[in-house]
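Subject: Structure for your review

Dear colleague,

Please find below the structure that I am handing over to you. A summary of what was found in it follows directly after.

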Amino acid sequence: MSSQNQNRSLEQAGPSGSGGQVGVRVVNWSGSDRLCISPKRDHKPENYDDLQFEFNPNIFASLEHYLPPHMLNLSRDVKLHYIRNILLRYLPENDRIWIQKLREYRLKIILNYPPLHKEIFTMDAESFFVPSFLRAIKENTEASFRSIMAEPCKGVYTFEMLQPQFCKKLMSEVDHFERWVHGTKLRIMRPNAMNKNKHGVILDDFAFEAMLDRFMCDFIQPISRVFYPELGGSSLDSHHGFVVEYGINKDVELGDAGSSITIKVSGSQNRSRPGSNSNINQSGQNKGNSSVAFSGLHEDEAEVTLNVCLGKEFSGGDLFFQGVRCDAHVTTNTQPEEAFNYSHVPGHAILHPGRNRHGTRPTTSGNRMNLILWCRSSAFIELKRYQRDFYSWCAECRRKKAERVRLSVVAAKQELLKSEI
Ligand SMILES: O=C(O)CCC(=O)C(=O)O
Ligand SMILES: [Fe+2]
């Protein structure tokens with residue numbers, strides 16, 4: 001498309017459908033828009049950081065290098081829409097609507113919510129993390145991580161992580177947010193729907209997104225790069241951050257008290273990533289030897305999950321694990337070495353593959369709040385689509401493969417013996 005045509009379509013475009021982006025109008029969709037194969041490396045891209053679109057601003061800056069040469073010096077709006085139109089071709093309609101609604105929902109909260117502890121909305125490692133954790137991250141070696149961690153079950157790591165003061169502030173921020181939500185009668189989305197008596201909030205929805213992104217990139221990824229290479233641990237690029245609350249006696253079911261603003265976002269119950277399969281096994285049905293009384297046996301929609309207990313005083317609430325499985329093997333038996341129980345300790349973290357089947361036992365007294373960060377790798381998800389028969393990270397796939405190898409060795413031996421007779 002020529003720049004003239006591009007400008008014409010800008011002129012013709014109707015009012016913005018982009019969620020109130022001031023001064024920006026949507027260009028008519030054109031399937032002929034193309035990027036160049038070779039980038040113009042010496043081109044200096046615009047800054048798109050101030051924009052709220054369904055794609056990360058960095059994507060626009062990166063793709064600018066690939067624009068047709070005649071477009072490089074056009075206005076930022078024109079380039080933005082040209083690139084956005086191309087990207088939108090890769091997003092199914094439903095996902096587009098979902099992302100759009102989510103953006104509007106978040107904007108509504110962020111513009112109106114008055115934070116209680118502003119200082120915890122930006123990463124301040126020294127005041128968030130305990131010194132031992134910071135030292136290990138700074139050293140950034142497997143030995144330094146292992147020096148502060150226990151591995152009570154293969155691939156599951158526990159360690160002290162957050163300072164008590166930070167935990168306290170985060171918990172009071174969540175309480176403050178819940179109270180504010182109740183006052184405004186805004187209906188908020190909950191992190192997931194696994195336990196009836198579970199409350200919680202999605203931190204990404206009220207301005208914690210940037211902080212949690214640094215949390216994941218600078219403090220989880222160094223560890224997952226070492227411990228979870230086969231799960232995309234070195235290419236984590238998105239997260240879902242939330243707080244779960246148990247054992248609270250609230251006389252009002254928050255969010256249900258007659259909402260004046262209701263934004264329904266389809267697929268928000270478990271906040272699945274668009275276009276993906278959530279693998280929540282809510283009933284806790286698991287064939288085989290899982291005889292325990294549990295709630296919400298499930299797998300997270302994450303490659304790597306960080307779960308940190310914030311407090312307060314509680315009993316019960318243990319996590320139990322039943323082994324890492326791919327979709328095809330999610331209901332297979334738990335092997336004895338895979339069954340593992342974990343009791344939460346305030347400030348302490350547990351890091352595990354999202355696909356390690358797990359659930360929580362009831363919090364029998366007091367209140368418990370946990371910070372949970374589901375970390376995802378789009379490269380891992382993409383690769384998984386091309387690889388359907390065997391997953392090295394699924395314990396059952398490995399077991400089946402080992403069994404096949406064993407049987408073929410037995411068969412080969414028998415053949416050999418037969419031919420020798
Ligand atoms: O309650 C917990 O500590 C864990 C909850 C959980 O696994 C989840 O929300 O995905
Ligand atoms: Fe979970």
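I begin with the ligand. Ligand 1 is surrounded by 9 residues, and the closest are Val244, Asp300, Asn307, Thr360 and Asn370. Two elements each give two or more residues to this shell, namely strand S11 (356-360) and strand S13 (368-376). By character, the shell around ligand 1 consists of 5 polar residues, 3 nonpolar residues and 1 charged residue.

Please bear in mind that this is a predicted model. The predictor assigns the complex an ipTM of 0.99 and a pTM of 0.76. Across the chain the average pLDDT is 81, and 79% of the residues score at least 70. Two stretches deserve caution when you read the model. Over residues 1-29 the pLDDT stays under 50, and the model has 40 contacts beyond four places in sequence for them. Over residues 250-294 the pLDDT also stays under 50, with 87 contacts beyond four places in sequence.

Several details of the backbone may interest you. The peptide bond that leads from Gly311 to Lys312 is cis, and its omega is near -5°. Lys312 itself belongs to the loop between strand S6 (304-311) and strand S7 (314-316).

Two residues have a positive phi without being glycine. For Asn140, phi is near 60°. This residue, Asn140, sits in the loop that connects helix H6 (131-139) with helix H7 (142-148). Asn140 counts as exposed because it has 12 C-beta neighbours inside 10 Å, and the limit for an exposed residue is 12 or fewer. For Ala207, phi is about 80°. Ala207 is placed in the loop between strand S3 (199-202) and helix H9 (209-227). With 17 C-beta neighbours inside 10 Å, Ala207 falls between the limits of 12 or fewer for exposed and 20 or more for buried, and therefore counts as partly exposed.

Finally, I draw your attention to Thr364, which is part of strand S12 (residues 363-366). Is Thr364 buried or exposed? Thr364 has 11 C-beta neighbours inside 10 Å, so this residue counts as exposed. Leaving aside residues up to four places away in sequence, Thr364 touches Ser315 and Gly316. In addition, Thr364 and Tyr246 are separated by 118 residues in sequence, while their C-alpha atoms are 9.3 Å apart in space.

Yours sincerely,
A colleague

Notes:
Residues numbered from 1 in each chain as written. Chains lettered and ligands numbered in written order. Predicted model: local features only at pLDDT ≥ 70, side-chain atom pairs only at ≥ 80, totals over all residues. Near = placed C-beta within 6 Å. Helix = DSSP H or I, 4+ residues; strand = E, 2+ residues; numbered from the N terminus. Nonpolar A, V, L, I, M, F, W, Y, C, P; charged D, E, K, R; others polar. pLDDT = per-residue confidence, 0-100. Contact = placed C-beta atoms within 7 Å.
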